[in-house]
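The report that follows describes selected features of one protein model, moving from its cysteines to its cores, a pair of threonines, one helix and its charged pairs.

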Amino acid sequence: MRVALTGGIATGKSAVVRGLQAAGFPTVNADDAARAVVEPGTPGLAAVAARFGPAVLGPDGALDRAALGRVVFADPSARLDLERILHPRIRDRIERFYEGLPPDACGIAEIPLAFETGWGAGFDLVVVVACRPETQLARLQARDGLSLEAARQRIAAQWPIADKARLADAVVMTEGTLADTAAETAALAVWLRSRPRPS
């Protein structure tokens, strides 16, 4: 079974994924795949450099993520260009993950932009990790050291959490303590195991 786990930036997706990993679910992370496809020497990095220029590369030739982020979060057309370069490569890596699983496995793919990219429809179930918008904003600023404006830019680049939650098969709330999130994740694991596997 293919399960997409999504939600807004800084909503607690990683904590939920760690809980599912501990419960024995195989997982793959779209952000990890995104990093892998732009490693030095990859066609992905060459395509990014061709589109955005040498300013997004560090002295060692590796991608300067901070420099690229400043460009794409300030310019929607630039962000779309980046997505056109990266998303097919990311999807390919995640498809290979699923191809390597046993037929009866329930594999979890953490995909922050599952709805924004239209990819959610390709999964058997979609789980959304959610918290209040003000909590999300505070977490993002604290986690990444961003100004209020920069944090709002990054959140605005994604769908509102409430819109994602309305389309979800299940929602995990992370508004409380880490213990609360762990309890929600444990309940999700039980629910996932009870779902009928696609034929």
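In this predicted model, C106 is buried, with a relative accessible area of 4%. C131 is likewise buried, at a relative accessible area of 5%. Both values fall under the 20% limit, which is why the two cysteines are classed as buried. A search of the whole structure nevertheless finds zero disulfides.

**Nonpolar cores**

In soluble globular proteins, nonpolar side chains tend to be buried together. The largest nonpolar core of this model has 35 residues, and those with the most contacts inside it are V48, F52, L68, L86, I90, I94 and I111. Two or more residues of this core come from each of the elements α2 (30-36), α3 (43-52), α4 (65-72), α5 (76-99) and β4 (125-130), with α5 giving the most, namely eight residues. For L86, once its neighbours within four places in sequence are left aside, the contacts are with V37, V38 and V48. Apart from the largest core lies another one, of 17 residues, among them L5, V17, F25 and A170.

**Two buried threonines**

Where is T174 placed with respect to β5 and α9? T174 sits in the loop between β5 (170-173) and α9 (178-194), and its relative accessible area of 3% makes it buried. The side chain of T174 reaches the backbone oxygen of T11 at 2.4 Å. Not counting residues up to four places away in sequence, T174 touches T11, G12, V16, V129, A130, C131, R139 and T181, so that the list includes C131, itself buried.

T185, by contrast in placement, lies in helix α9, and it is buried with a relative accessible area of 3%. Its side chain reaches the backbone oxygen of T181 at 2.8 Å, T181 being also among the residues that T174 touches. Leaving aside neighbours within four places in sequence, T185 is in contact with V16, G19, L20 and V172, and V16 appears among the contacts of T174 as well.

**Helix α6 and the loop before α3**

Why does the length of α6 agree with what is expected of a helix? At 1.5 Å a residue, the twelve residues of helix α6 (residues 133-144) should span 16 Å, and because its end C-alpha atoms are 16 Å apart, the two values agree. The buried residues of α6 are T135, Q136, L137 and L140, and these pack against α7 (148-156) and α8 (161-167). Just after α6, G145 takes a positive phi of about 65°.

In the loop between α2 and α3 is E39, which counts as partly exposed at 42% relative accessibility. Although E39 and A62 are 23 residues apart along the chain, their C-alpha atoms are separated by 6.9 Å.

**Salt bridges**

Side chains of opposite charge can pair when their charged atoms come close. A search of the whole structure finds eleven salt bridges, and the table gives some of them with the distance between N and O atoms.

| Salt bridge | N to O distance |
|---|---|
| R2 and E95 | 2.9 Å |
| D32 and R35 | 2.4 Å |
| R51 and D81 | 2.6 Å |

The pair of R51 and D81 links distant parts of the chain, with R51 in helix α3 and D81 in helix α5, 30 residues apart. R51 is partly exposed, with a relative accessible area of 36%, and a network of salt bridges links R51, D81 and R84.

The side chains of R2 and E95 also meet in a salt bridge, and this pair too links distant parts of the chain, since R2 lies in strand β1 (residues 2-7) and E95 in helix α5, 93 residues apart. E95 counts as partly exposed at 27% relative accessibility.

How far apart in helix α2 are D32 and R35, in terms of helical turns? Because they are three residues apart in that helix, D32 and R35 are separated by about one helical turn. D32 counts as partly exposed at 42% relative accessibility, and R35 is likewise partly exposed, at 37%.

Terms used. Residues are numbered from 1 along each chain as its sequence is written. This is a predicted model: local features need pLDDT of at least 70, side-chain atom pairs count only at pLDDT 80 or more; totals for chains, interfaces and linings use all residues. Side-chain values use heavy atoms; hydrogens and water are left out. Helices (H or I, at least four residues) and strands (E, at least two) are DSSP runs, numbered from the N terminus. Buried means under 20% relative accessible area, exposed over 50%, partly exposed in between (1.4 Å probe, protein chains only). A polar contact is a pair of N or O atoms within 3.5 Å; within protein, one must be able to donate a hydrogen and the other to accept it, and residues adjacent in sequence count only if both atoms are side-chain atoms. Contact means heavy atoms within 4.5 Å. The expected span of a helix is 1.5 Å times one less than its number of residues. A nonpolar core is a set of buried Ala, Val, Leu, Ile, Met, Phe, Trp, Tyr and Cys residues joined through side-chain atoms within 4.5 Å. A disulfide is a pair of cysteine sulfur atoms within 2.5 Å. A salt bridge is a side-chain nitrogen of Lys or Arg within 4 Å of a carboxyl oxygen of Asp or Glu.
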